[in-house]
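Thanks for coming. I have one structure to go through today, and I will keep it short.

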There are 2 protein chains.
Amino acid sequence: MRKYQAHIYVTLRPSVLDPAGTAVMSGLQHMGYDTVEQVRIGKYIELSLSAQDEEIARQQLDLICDQLLANPVIENYRFDLVEQRDGVTA
Amino acid sequence: MRKYQAHIYVTLRPSVLDPAGTAVMSGLQHMGYDTVEQVRIGKYIELSLSAQDEEIARQQLDLICDQLLANPVIENYRFDLVEQRDGVTA
């Protein structure tokens, strides 16, 4: 079994309104940051897992994202995967 | 003024407990994903802004992160910045 570190990015689909992002942008403009034009807020998840190879790790991560981490109706996800060797990120 | 797209990652400091991450890991293990070893949940923010050059854009982003997007007592942040030209990401 090999160890992998995944960085998962879950974002709202472009067609879905983001009230939290709009609130942050409004707050920034009130604070004087009037050069900010758009803010979209998503989730960033760091997950470590073991798998026999990278292909299997990617399959597991797709299932995990579809079933628990992202809501496929309104969210997209993508992830990076790096193998860890001897406790050091490859 | 140039347009920039920033990708901001806000994560809990390693010494801070992450109950949401622990709940997700526990959920995954109950669903049978017993190869998952650690889950940490953070925020991922996409922000577009205008600035005269990249140095000024980075200074503004540091202020925005410190003042609004991250809680420096318990969170770290980092960001990537890319310039956008003619509506296309450089």
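I will start with how the two chains relate, then go to their interface, and end with a pocket.

What you are looking at is a predicted model. A turn of 180° with a shift of 0.0 Å along the axis lays chain B on chain A, and the RMSD is 0.0 Å. That is why we can speak of a two-fold axis here. Both copies use the same surface, since 100% of the contact residues of chain B recur in chain A.

Now the interface itself. Each side is counted separately: 31 residues come from chain B and 31 residues from chain A. Together the two chains bury about 2900 Å², with 58% of that on carbon and sulfur atoms. Which residues of chain B lose the most area to chain A? They are Tyr33(B), Thr35(B) and Tyr44(B), together 21% of what that side buries.

On charges, the rule finds 2 salt bridges across the interface. Lys3(B) forms a salt bridge with Glu37(A), and their closest N and O atoms are 3.0 Å apart.

Last, the largest pocket, with a volume of about 210 Å³. Its lining includes Tyr9(A), Arg40(A), Asn76(A) and Arg78(A) from chain A, and also Tyr44(B) and Glu46(B) from chain B. In chain A, strands S1 (2-12), S2 (36-51) and S3 (75-85) each give two or more residues to that lining, as does strand S2 (36-51) of chain B. By class, the lining has 6 nonpolar, 3 polar and 3 charged residues.

Tyr44(B) is worth marking on your copy: Tyr44(B) lines the largest pocket, and Tyr44(B) is also one of the residues of chain B that lose the most area to chain A.

Terms used: Residues numbered from 1 in each chain as written. Chains lettered and ligands numbered in written order. Predicted model: local features only at pLDDT ≥ 70, side-chain atom pairs only at ≥ 80, totals over all residues. Heavy atoms only, no water. 1 Å grid on protein atoms, 1.4 Å probe; cavity = no way out; pocket = protein on both sides within 12 Å on 5 of 7 lines; lining within 4 Å. Points joined across faces, edges and corners; volume = space filled by probe spheres on them. Helix = DSSP H or I, 4+ residues; strand = E, 2+ residues; numbered from the N terminus. Nonpolar A, V, L, I, M, F, W, Y, C, P; charged D, E, K, R; others polar. Least-squares fit on C-alpha atoms with pLDDT ≥ 70 in both. Contact = heavy atoms within 4.5 Å. Buried area = accessible area lost by both parts, 1.4 Å probe. Salt bridge = Lys/Arg side-chain N within 4 Å of Asp/Glu carboxyl O.
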